[in-house]
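Q: I'm new to this structure and would like a close look at a single part of it, the sheet. Could you walk me through that and then set it in the rest of the protein?

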Amino acid sequence: MQSPAQLLRTATVVDLTGPRRRVVCHCNHVIFDGIVIKSRVVRLLPRGGAEALCRCKAWVAVPATYSDTPP
């Protein structure tokens, strides 16, 4: 099993054909602008996907796809 740091190094966005819908927290802070996750803390979930920590300390689901197998 890989450490979270190793998982972050292998994190990739799969669909780069265009921007996705932006994600806004309940405090109206933009967490994901359609291309970039605007958070310093991102939690990768074990079954895929991710959550980003907002400045109001709420975890917000953001689109992310990753693989824990080495490239």
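A: **The sheet, up close**

Let's start with an open sheet of 3 strands, in the order 4-5-6 with antiparallel pairing. Strand 4 (42-44) and strand 6 (59-62) are at the edges with a single partner strand each, so one side of each has no neighbour in the sheet. From one strand to the next, the twist averages 30°; such angles run from 0 to 180 degrees between N-to-C directions, with axes being lines fitted to C-alpha atoms.

Keep in mind that this is a predicted model: local features need pLDDT of at least 70, side-chain atom pairs count only at pLDDT 80 or more, and totals for chains, interfaces and linings use all residues. Residues are numbered from 1 along each chain as its sequence is written, and side-chain values use heavy atoms, leaving out hydrogens and water.

Strands of a sheet pair through backbone hydrogen bonds, either parallel or antiparallel. Here, strand 4 and strand 5 run antiparallel and are joined by 3 bridges; two strands count as paired if DSSP finds at least two bridges between them. Within this pair, V42 sits opposite A52 in strand 5.

Stepping back, the protein has 1 helix and 7 strands, running α-β-β-β-β-β-β-β from the N terminus on. These are DSSP runs, numbered from the N terminus: helices are H or I with at least four residues, strands are E with at least two.

How far can you trust it? The pLDDT, the predictor's confidence in each residue from 0 to 100, averages 77 for the protein, and 66% of the residues score at least 70. Confidence is highest in strand 5 (residues 50-53), at 94, and lowest in strand 1 (residues 11-12), at a mean of 42. Over residues 6-16 pLDDT stays under 50. Where pLDDT is low, don't read the predicted coordinates in detail.

One more residue to look at is H29, in the loop between strand 2 (23-24) and strand 3 (30-32). H29 has a relative accessible area of 18%, so H29 is buried; buried means under 20%, exposed over 50% and partly exposed in between, using a 1.4 Å probe and protein chains only. Beyond its neighbours within four places in sequence, H29 is in contact (heavy atoms within 4.5 Å) with V23, V24, K38, C54 and R55. As for the whole protein, 25% of its 71 residues count as buried.
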